[in-house]
Amino acid sequence: MFTGIVEERGEVIAVVDLADAARVTIAGPLVTSDAKQGDSIAVNGVCLTVVDLADGSFTADVMRETLQRSSLDKVATGDHVNLERAAAVGQRFGGHIVQGHVDGTGELISREPSEHWELVKVSLPGGLARYVVEKGSITVDGVSLTVVAVGADWFSVSLIPETLRATTLGVRKPGDKVNLEVDVIAKYVERLAIPHLGSTGRGTEEENTGE
């Protein structure tokens, strides 16, 4: 589990294409300072397992499912990525509950800078729109953010100077793909409620039970 509070901007130093997977090596002196093989590190919001450690860097295998669901399919040597170690028991929970399980990708639509913050608008896949609410939480490339506004196929967030400085969101451009993870609590509530919504006309009995 993660909090969406990015600890470090790492740099991709090697990518090995394995046909239906990839092996990625990332330099991150802070997140590897106490890491062990088998530990979890979030890379742009994607939970990856450390398979090797060396000189302030770690290597992780990225499976086909992850490549299909996230922007890691485009990662290349020299790219910068947001890094976060798994939350430790007893620490302050600065962001929100983040699993590192990317739900889909969006596209950065626009940036509106101001003197002390920046408003960023991101496209929202149709299957995720129902989980996003104004003033709710969403994770963008591993960064825990509060939703400012939401439309049928977009949402916006405000980025403070610290977020712009410490994460890759400061350099993302319109057209760039970003990883999205919605609030897991909303998904659980929906799953639990669906069997009891048959009488409201929302879907057939088979659709509501998943059969």
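Start with the surface: turn it on for the whole protein chain, and you are looking at about 11300 Å² of exposed area. Carbon and sulfur atoms supply 52% of that area. Keep in mind as you go that this is a predicted model.

Now switch to a cartoon of the whole chain. You should be able to find four helices and twelve strands. The radius of gyration is 18 Å, close to the 17 Å that the globule rule gives for 211 residues, so the chain is as compact as a globular protein of that length. Along its principal axes, the C-alpha trace spans about 60 × 45 × 40 Å. If you colour by burial, 39% of the 211 residues come out as buried. Contacts are worth a thought here too: of those with a separation of 6 or more, 69% are between residues 24 or more positions apart.

Next, select residues 40-43 and 46-54. These are strands E3 and E4, which run antiparallel and are joined by four bridges. Zoom in on alanine 42, and you will find cysteine 47 of E4 standing opposite. Together E3 and E4 make a hairpin, with two residues between them.

Stay in that turn and pick asparagine 44, in the loop between E3 and E4. Its phi is positive, about 50 degrees. Is asparagine 44 buried or exposed? Its relative accessibility is 4%, and the cut-off for buried is under 20%, so asparagine 44 counts as buried. What is asparagine 44 in contact with, leaving aside neighbours within four places in sequence? Show Val81, Asn82, Asp141, Gly142, Thr168, Arg172 and Asn179, and you have the answer.

Add residues 57-63 to your selection. This is strand E5, which pairs with E4 in the antiparallel sense over four bridges. Look for leucine 53, with phenylalanine 58 of E5 opposite. E4 and E5 form a hairpin as well, with two residues between them. In this turn, click on aspartate 55, which has a positive phi of about 50 degrees.

Go back to E3 and bring in E6, residues 80-85. E3 and E6 pair in the antiparallel sense, this time over three bridges. Valine 43 is the residue to select here, as leucine 83 in E6 stands opposite. While you have strands on screen, try showing side chains: in a regular strand they alternate between the two faces of the sheet.

From E6, follow the chain into the loop that leads to strand E7 (104-113), and stop at arginine 92. Arginine 92 has a relative accessible area of 80%, so it is exposed. For a sense of distance, draw a line from the C-alpha of arginine 92 to that of alanine 186: the two are 23 Å apart in space and 94 residues apart in sequence.

For the last stop, show lysine 121 and tryptophan 154. The charged end of lysine 121 sits over the ring of tryptophan 154, 4.3 Å from the ring's centre. How many aromatic pairs does a search of the whole structure find? The count is zero.

Methods. Residues numbered from 1 in each chain as written. Predicted model: local features only at pLDDT ≥ 70, side-chain atom pairs only at ≥ 80, totals over all residues. Heavy atoms only, no water. Buried < 20%, exposed > 50% of the residue type's maximum accessible area, 1.4 Å probe, protein only. Pairing = 2+ DSSP bridges. Phe/Tyr/Trp six-rings, centres within 6.5 Å; stacked < 30°, edge-to-face > 60°. Lys NZ or Arg CZ within 6 Å of the ring centre and 35° of its normal. Rg over C-alpha atoms; globule rule 2.2 N^0.38 Å. Contact = heavy atoms within 4.5 Å. Areas by Shrake-Rupley, 256 points an atom, 1.4 Å probe, with all protein chains shown as cover.
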